[in-house]
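Subject: A structure to look through

Dear colleague,

I am passing on a structure that I have been going through, and I would be glad if you opened it before reading further. My notes come after it, in the order in which I would suggest you look.

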Amino acid sequence: MKTRGSRRWRFAAAIAALAMVVATSACSFSGKTPGPDASQGGVLRISMIPVTTLDPAVAGNSSYGQILMLGLYEGLVVINKDDPLHVTEGAAKSWDISSDGLKYTFHLRDGARWSNGDPVTAEDFAWNFKRILTPGVAGKGTPSYNAQIGIKGAADFMTGASKDFSTVGVEAKDSSTLVLTLDRPNADFLVQLASYWALPLNPKAVEKNGTDWSQPKNWVSNGAYTLTNFTVNQGATLTKNDKYWDAKDYPITAVNVTFNDGGTTADLLAYQQDKLDITGRIEADLGAVTSSNVSAQLVSSPTNQVSQLVVMSSQNPVLTDVRVRQALAEAIDRNEVAKVAKPSVAGPSLVPAAVKQSPDFKAIPSDASHAKQLLAQAGYPDGKGMPTITLLDYQRTPWVEAVAQMWRDKLGINVTIDVQEVGVYGTKRAELHGPDYVGFYVQTGGFNPPTLLSNALTARGSAPAMDGVNMMSVEASKQYAQARAAGADAKALSAILDKGRLAENARVISLTDKALGETDPQKQLGLLVDAQTARNETYNTIPVLWGGYNLLVKPRVKNLKPWYYGSVYSLKGVTIEN
């Protein structure tokens, strides 16, 4: 029997500023912010892109997991701040793993309390697992739990194929013992369990208040902080929870969160005006940051992020031809693009160099001549006849503008950049677009944790979608869109995907499923390499840059260690000096 362990994978660690945004987008949410009080840890002022929900059952944008995991909730295990490839104790004080790697027995700590003083129990966690797996819990959103994580019976319960939760591998043996059973070994399970999808809501608060459970007046949670203010598109205030079992290791008294939809420009301005202690992620325009008077305060996480272009679904078939997608990928001079995105570097593969458990994957060459040949073979010599390619983004991003210009100059095609606010961006990237809207959405995605297994889960996703590796023929996409509009369930939509994917995408999914089903670790690794190689060669997702999360951090903020998860950093042990 293994105790408190998880498999270790080791890895190595612009253009001028954009137009000014209105000052209100850079101001602190709660108005006049109290000055730091060193004796109490002080008030930390941070920024992130807007979030609209605080429900762990719903998949959200990059800030979503961050605000939840700053300390509002605590899962069974948490990421180890000093060794983030591993987890450490959270609500569970210890755990045992069966010799076959299928059964995880968690022992909850006696001192774990909800913010209302009630004890945190194994039954509370079991209730939450049932909730996150219940069909429809995410409403119109995407469920946060990915069935490929492998909790026994979870996939069937999520789709409604089974309505008996006793068939799911979740059991509260008693008030302090929770047993989770997998249907196959998963070396990344503990790290995945530390993600936001596994964070618990207070069952009594949800049952009493219904959809209003997340209102600050009704808020009950088990983390280092409680929610005292929350306003969509404006911000939130987190206040220290004195009932938290490890409160002494979270000296920050309160956290003022500003939701910033103004991109790097707004964050940089607010930081320079001393309205923020920590910016949100500022990868979009690092050139403006590195050329500013605060460039020395730039802090980066280990490199495992890929800034990439993901194909959208369209009734225009031009991008269903792999030669066109490959031509666009090869026409990008990544070394030149990286010059406007420092400290990011050229990213010629979907697998960043930080992922050390596999051989180097073949790099996409920068070859404009071959790109033009491919385009001609596809029927678009010198770009003639090519429709306008759209790049969808939620902010102005210099490296995206650089890519667009390269395609115009080297391939002779028209390119437009469609910048939308975050909510519209999220909606548009998932739509089936008309014949006059075809292209890619801009995304920075990471390997969390930095293993091929974790990335394989993204190929399957937590819910059906028709972008990226799921790209289908135009007819199949229409069928999918019609079925989704008619309210088809996940099982029916997945069936359309499985029949309609382009041949190269179907091969990726087949190889991925084979890898995920393999129980021998070495054989699985080989299959994961095969699946990732096939995925790279579809060019449904075009890698451009590799980098880490980038933040500006005031020198008075001490002991902050950015990591490579979507939560970006932990507040454990973080202090503010006067």
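What follows is a description of a sheet, the helices beside it, the nonpolar cores and a few loop residues.

Please keep in mind throughout that this is a predicted model.

The sheet

A good place to begin is an open sheet of 6 strands with mixed pairing, in which the order is S17-S22-S15-S21-S18-S19. At its edges are strand S17 (345-346) and strand S19 (415-419), each of which pairs on one side only. Inside the sheet, strand S15 (residues 305-311) is largely enclosed by the rest of the structure, because 7 of its 7 residues are buried. You can follow this on both faces of S15, since Gln305, Ser307, Leu309 and Val311 are buried on one side, while Val306, Gln308 and Val310 are buried on the other.

Which strands pair with S15? One partner is strand S21 (residues 438-446), which pairs with S15 in the antiparallel sense over 7 bridges, and the other I would point out is strand S22 (residues 541-547), which also runs antiparallel to S15 and is joined to it by 6 bridges. To find the register on screen, you could start from serine 307, which stands opposite threonine 444 in S21. Glutamine 308 is useful as well, as its bridge partner in S21 is glutamine 443, and its bridge partner in S22 is proline 543.

Just before this strand, in the loop between strand S14 (298-300) and S15, lies asparagine 304. Is asparagine 304 buried or exposed? Its relative accessible area is 0%, so it counts as buried. Its side chain makes a polar contact of 2.9 Å with the side chain of glutamine 305, and, leaving aside neighbours within four places in sequence, asparagine 304 is in contact with residues including Pro352, Gly445, Phe447, Asn448 and Tyr564.

Helices

Helix H11 (398-411) lies across S15, strand S18 (389-393), S19, S21 and S22, and it runs at about 160° to S19. H11 also appears in the surroundings of helix H10 (residues 368-377), whose buried residues are Ala371, Leu374 and Leu375. These three cover an arc of only 100° around the axis, which means that they are on the same side of H10. Among the elements that cover them are helix H8 (322-330) and H11. After H10 comes glycine 379, which has a positive phi, near 100°.

Helix H13 (residues 452-460) gives a different picture to look at, for 7 of its 9 residues are buried, and it is therefore largely enclosed by the rest of the structure. The buried residues of H13 are Leu452, Leu453, Ser454, Asn455, Ala456, Leu457 and Ala459, and their cover includes helix H4 (189-193), helix H16 (503-517) and H17.

Nonpolar cores

In soluble globular proteins, nonpolar side chains tend to be buried together. The largest nonpolar core here has 60 residues, of which Phe106, Phe129, Ile151 and Leu193 touch the most other members. The largest share of this core, 6 residues, is supplied by helix H2 (residues 122-133). If you select phenylalanine 129 and set aside residues up to four places away in sequence, you will find that it touches Ile151, Phe165, Val170, Leu178, Leu180, Leu193 and Trp197. Apart from this core lies another, of 43 residues, which includes Ala338, Ile413, Val415 and Val442.

Loop residues to check

Three places in the loops deserve a careful look at the backbone.

- The peptide bond from lysine 342 to proline 343 is cis, with omega near 10°, and proline 343 lies in the loop between helix H9 (334-338) and S17.
- Tyrosine 539, in the loop between helix H17 (521-536) and S22, has a phi near 60°, which is a positive value in a residue other than glycine; at 12% relative accessibility it counts as buried.
- Asparagine 559, in the loop between strand S24 (557-558) and strand S25 (575-576), likewise has a positive phi, of about 70°, although it is not a glycine; with a relative accessible area of 40% it is partly exposed.

With best wishes

Key. Residues are numbered from 1 along each chain as its sequence is written. This is a predicted model: local features need pLDDT of at least 70, side-chain atom pairs count only at pLDDT 80 or more; totals for chains, interfaces and linings use all residues. Side-chain values use heavy atoms; hydrogens and water are left out. Buried means under 20% relative accessible area, exposed over 50%, partly exposed in between (1.4 Å probe, protein chains only). Helices (H or I, at least four residues) and strands (E, at least two) are DSSP runs, numbered from the N terminus. Two strands pair if DSSP finds at least two bridges between them. The arc is that of the directions from the helix axis to the C-beta atoms. Contact means heavy atoms within 4.5 Å. A nonpolar core is a set of buried Ala, Val, Leu, Ile, Met, Phe, Trp, Tyr and Cys residues joined through side-chain atoms within 4.5 Å. Axes are lines fitted to C-alpha atoms, for helices over the stretch in contact, and angles run from 0 to 180 degrees between N-to-C directions. A polar contact is a pair of N or O atoms within 3.5 Å; within protein, one must be able to donate a hydrogen and the other to accept it, and residues adjacent in sequence count only if both atoms are side-chain atoms.
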